[in-house]
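Student: I would like to go through this structure with you and ask, for each label, what justifies it. Could we begin once the model is in view?

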Amino acid sequence: MRATSAPETAWLVLGRTAAGFAAAALDAGGAELGRVDIEGVLADFVATREEEDARRWVWSDTAGWYGPLLDAGVRVARCHDLRLVHAILRDSALIPQAAELRAAVAWDAGATEAPTPDAALFELEELPAAGPPEDLDEALAEFARQRAAIASAADPGRLGLLVAAESAGALIAAELRAAGLPWDVAAHEAILTAVLGERSGSGGLPAHVQEAADQVRAALDDPTVSLDSQPKLLRALHRAGVLVESTSRWELAQHEHPVIAPLLEYKRLARLLSANGWSWLDEWVRDGRFRPVYVPAGVVTGRWASSGGGALQLPRLLRAAVRADPHWTLVVADVAQLEPRVLAAMSSDRALAEAARGRDLYAGVVEAGAVPTRAEAKVAMLGAMYGATTGDSGRLLPRLRRAYPDAMALVDEAARVGERGGVVTTWLGRSSPPPPESWLRLRHGGAVVDASAADEARARRAAGDRGRFTRNFVVQGTAAEWALVWLAELRRLLAEFAPVAPADAATRSGAVFARRPHLAFFLHDEIIVHTPRARADAVAQAVADAATTAGRMVFRAFPVDFPLELRITDAADKG
């Protein structure tokens, strides 16, 4: 009789039990191999298992479990985030039967509250508040539901890739906060002083902001009007003859009056002071690092959001404050025209893919004779993806339909589905949310025989808005999927770099990242890697290789490329 080896552990599920914390080992088929109670510090348990063999951890929510591990100096290679995956599978049109998943409403909870920076050793007394269930048996049951759902999907390969990428993205979000983006406080303060003026010692407005405010009040002939109260400012503008309904830049610019220029300037300066001024520095930059809170899949398309620090809305003006540490440098990369390239691949439009091959896509559209100028190519393509049907976009759209019928047919059909109240799905399997009941009532109410003209107009607008949403959902959501796979592959490649010698490791990143290249920033289609200077060229190649691999993994054999604008620099604002 031939001996058979014991099944290997493929997954380690973490959770709570009545006695504390425990881990359940599962084989590749999901069968439970055994459980172990965790004694002492969780970080020690995880570190030991990672050293033995990098398995995939399964846990309720990465934000709650992984942050304290990173603070303790422990990095994991792979995970399965039950909360994020539940949200994908619950709504995915690729899964024919999701009743069990939808019934598990406890997993619809929001993200676990991010741990504070001082929560260094995670001594297993309690996890941060909120979030999905932490009980081990509940985690095991949800994991089984999710595995069964993926296996039943119309295309389990695609959905499995999305699930893996989403979970890797959750790890990266936590690591971005732990590592931080190198930030020169003195450079930031110098920018603030130059733009806003010297700070007031009495707690008032900086000099240039105060000057702009004084000019606004003088032009309005109202020395006491509050410029930060929309109703009061609107009343003052109306008294001065500026009959606007809002103080938006676009609406103000339609009027000629001495108050317009200083008011626009005041709004610009006040926005910088409020969003990224000295108070922002005190709250979000510590030890030379900007540490925002990223929210994976914070947008329904799968794009990331941020719940603190405004990482996704950093003004370009402040890029000069992003400075590498001594002996380190930054590798900055962004993808050229990501969404149109994704559209070409999704629709299998070889003519559009050819226009993008090895060059600026918009220039390729012009070269193909679709439109006369690059500016028009950009307007037309963005209009096609975002549903702009008037002005230059509307005028140029028929030319795009003739040149790239497959690509335009895909977004046009997505719009039609949305207008009917249907659901659309990204390339890998994330589906759009259904329209709310209020939309359905409005849409169908406007279609009845005795509906008023106003009702019908509102219904048409509602259908048009929904169509524009679904038209863009499929493209933006698939672009977000490609970016996640790019990030995940790059993270894997960076982990293979040998750490630098201590003498060259003069960085203020946390223990996990102090001696090796690491991701430091992500914005939809742009990344920044902070790397020892000696590794910079190899890191840049890894960034490019990861983009190539992401294209192949997501779109398989379809011939579309994703060229990067790559640069190695000590400051993010310099080429």
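Student: What makes strand β13 (residues 526–532) count as mostly covered?

Tutor: This is a predicted model, and the label rests on computed accessibilities: buried means under 20% relative accessible area, and in β13 7 of its 7 residues are buried. Strand β13 is therefore called mostly covered, since 7 of 7 residues fall under that cut-off.

Student: How do you know that β13 is paired with strand β11 (residues 328–335)?

Tutor: Two strands pair if at least two bridges are found between them, and 7 bridges join β11 to β13, so the condition is satisfied. The two strands run antiparallel, and Leu330 has His530 in β13 as its bridge partner.

Student: What makes β12 (residues 518–523) a partner of β13 as well?

Tutor: Here 5 bridges join β12 to β13 in the antiparallel sense, and because at least two are required, these strands also count as paired. Phe521 has Ile528 as its bridge partner in β13. The two strands form a hairpin with 2 residues between them, and His524 in the turn has a positive phi of about 60°.

Student: Which other hairpin has a turn residue with positive phi?

Tutor: Strands β2 and β3 form a hairpin with 5 residues between them, and Gly30 in the turn has a positive phi of about 95°. Strand β2 (residues 20–26) and strand β3 (residues 32–38) pair in the antiparallel sense over 6 bridges, with Val36 in β3 as the bridge partner of Ala23.

Student: Why are β6 and β7 called edge strands?

Tutor: In the open sheet, 3 strands follow the order β6-β8-β7 with antiparallel pairing. Strands β6 (181–182) and β7 (285–286) each pair on one side only, and they are the edge strands. Between β6 and strand β8 (residues 289–290) there are 2 bridges, which meets the requirement of at least two, so the pairing stands. Pro182 is found opposite Arg289 in β8.

Student: Why is the contact between Glu142 and Arg145 called a salt bridge?

Tutor: The criterion is a side-chain nitrogen of Lys or Arg within 4 Å of a carboxyl oxygen of Asp or Glu. The closest N and O atoms of Glu142 and Arg145 are 2.7 Å apart, so the pair qualifies. The two residues are separated by about one helical turn because they lie 3 residues apart in helix α5 (residues 136–151). Glu142, at a relative accessible area of 0%, is buried, whereas Arg145, at 22%, is partly exposed.

Student: How do you know that Asp222 and Arg239 form a salt bridge, and what parts of the chain do they link?

Tutor: Their closest N and O atoms are 3.0 Å apart, and since the limit is 4 Å, the pair counts as a salt bridge. The pair links distant parts of the chain, with Asp222 in the loop between α8 (207–220) and α9 (230–239) and Arg239 in helix α9, 17 residues apart. Asp222 has a relative accessible area of 14%, under the 20% cut-off, and is therefore buried. Arg239, with 60%, is over 50% and is therefore exposed.

Student: Why is Glu496 called exposed, but its salt-bridge partner Arg492 partly exposed?

Tutor: Exposed means over 50% relative accessible area; Glu496 has 56% and so counts as exposed. Arg492 has 42%, which lies between the 20% and 50% cut-offs, so this residue counts as partly exposed. The closest N and O atoms of the pair are 2.9 Å apart.

Student: What makes helix α2 (residues 62–71) mostly covered?

Tutor: In α2, 8 of its 10 residues are buried, among them Trp65, Tyr66 and Leu69. Asp71 also lies in helix α2, but has a relative accessible area of 33% and is therefore partly exposed. Just after the helix, Gly73 takes a positive phi of about 90°.

Student: Which residues gather in the patch of negative charge on the surface?

Tutor: The patch brings together Glu8, Glu51, Glu52 and Asp53. Glu52 is located in helix α1 (residues 42–52), and at 53% relative accessibility this residue is over the 50% cut-off, so Glu52 counts as exposed.

Key. Residues numbered from 1 in each chain as written. Predicted model: local features only at pLDDT ≥ 70, side-chain atom pairs only at ≥ 80, totals over all residues. Heavy atoms only, no water. Patch = residues over 30% accessible without salt bridge, like charges linked within 9 Å, V, L, I, M, F, W, Y side chains within 5 Å. Areas by Shrake-Rupley, 256 points an atom, 1.4 Å probe, with all protein chains shown as cover. Lys, Arg positive; Asp, Glu negative; His and termini not counted. Charge placed at Lys NZ, Arg CZ, Asp CG, Glu CD. Helix = DSSP H or I, 4+ residues; strand = E, 2+ residues; numbered from the N terminus. Buried < 20%, exposed > 50% of the residue type's maximum accessible area, 1.4 Å probe, protein only.
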